Amino acid sequence: MLECREISVEGRLRAFSAKIAPGSRVHLIGPNGAGKSTLLARLAGVFEGKGTLTGDVRFNGQRVADLGGLQLARLRAWLCQQLTPASMMPVFQYLSLHQPRLAEPAAVEKTIARLCDALQLSDKLAQPVTHLSGGEWQRVRLAAVLLQVWPTVNPDSLMLLLDEPMNSLDVAQQQALDQLLTEFCASGRAVVMSDHDLNHTLHYARQVWLMSAGNVVAAGECADVMQIERLSQVYNVQFQIHSLAGRQWIMTTATPFSLNE
């Protein structure tokens, strides 16, 4: 589905190669400044043409650098970490800008209703995007990128690339988004997202890419990557893992972490 071959961004991301299979949910974790946003943007193709890159990214064998904007938007949707509303347009108009070309109007309407209901936005459709709270605006942005690649309106879509999508969401909204992402992956598509909640990653990710200082220091199955010793070294925090209610939970300890341990 997606393959990256020795991709790098000068001064930001060291060379990295990986393949993502249909149905995968990949979480990028690591401290602030580790390079997660840079890697996501590189996969999305938004760094192309800036002259500081090596390697390439391919969707189903097609180089991202060879795809036009409309083609790329058909294959993947990308949520950047922050975006300020630029106009007074109402929410429904903002969402309409993200509907796939040639999609059936009835299918688009039904999908918007489904996404807005799940993300608790149904009563916000007529509001100007500039009048929304931070959490409301984040949910509108999420509904927009989901609409762009949702299977019922875009059969050609392959992937969602999400930079800290859980920002500003409460617990119920996070759960609703997780359910939508699970459904999206079950349709044979993939999700790659950055995440600062290690327990959330432990419970939901299929694969994990652990980053530090612009380098992917470990990549693989969730259980293999999220080893306490490795996490402690990357985050410079002492962790422990506990079992509760049939799940494992990662917790910090009161003991300072020492690099000599």
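Which elements cover the buried residues of α9? The views below are of a predicted model, in which local features need pLDDT of at least 70 and side-chain atom pairs pLDDT 80 or more, while totals for chains, interfaces and linings use all residues. Residues are numbered from 1 along each chain as its sequence is written, and side-chain values use heavy atoms, with hydrogens and water left out.

**View A. The two sides of helix α9 (residues 228-235).** Ile228, Leu231, Ser232, Val234 and Tyr235 are buried (under 20% relative accessible area with a 1.4 Å probe, protein chains only; exposed is over 50%, partly exposed in between). These residues lie on the same side of α9 because they span an arc of only 165 degrees around the axis, taken from the directions from the helix axis to the C-beta atoms. Glu229 and Gln233, on the other side, are exposed. Helices (H or I, at least four residues) and strands (E, at least two) are DSSP runs, numbered from the N terminus.

**View B. The cover and the end of α9.** The buried residues of α9 are covered by elements including β3 (25-29), α7 (198-204), β9 (207-212), β10 (215-221), β11 (239-244) and β12 (247-252). Asparagine 236, just after α9, has a positive phi of about 60 degrees.

**View C. Aspartate 163 in the loop between β7 (159-162) and α6 (171-186).** Aspartate 163 is buried and has no salt bridge (a side-chain nitrogen of Lys or Arg within 4 Å of a carboxyl oxygen of Asp or Glu). Lysine 36, the nearest side chain of opposite charge, is 7.2 Å away; Lys and Arg count as positive, Asp and Glu as negative, and His and the chain ends are not counted.

Technical notes:
Contact means heavy atoms within 4.5 Å.
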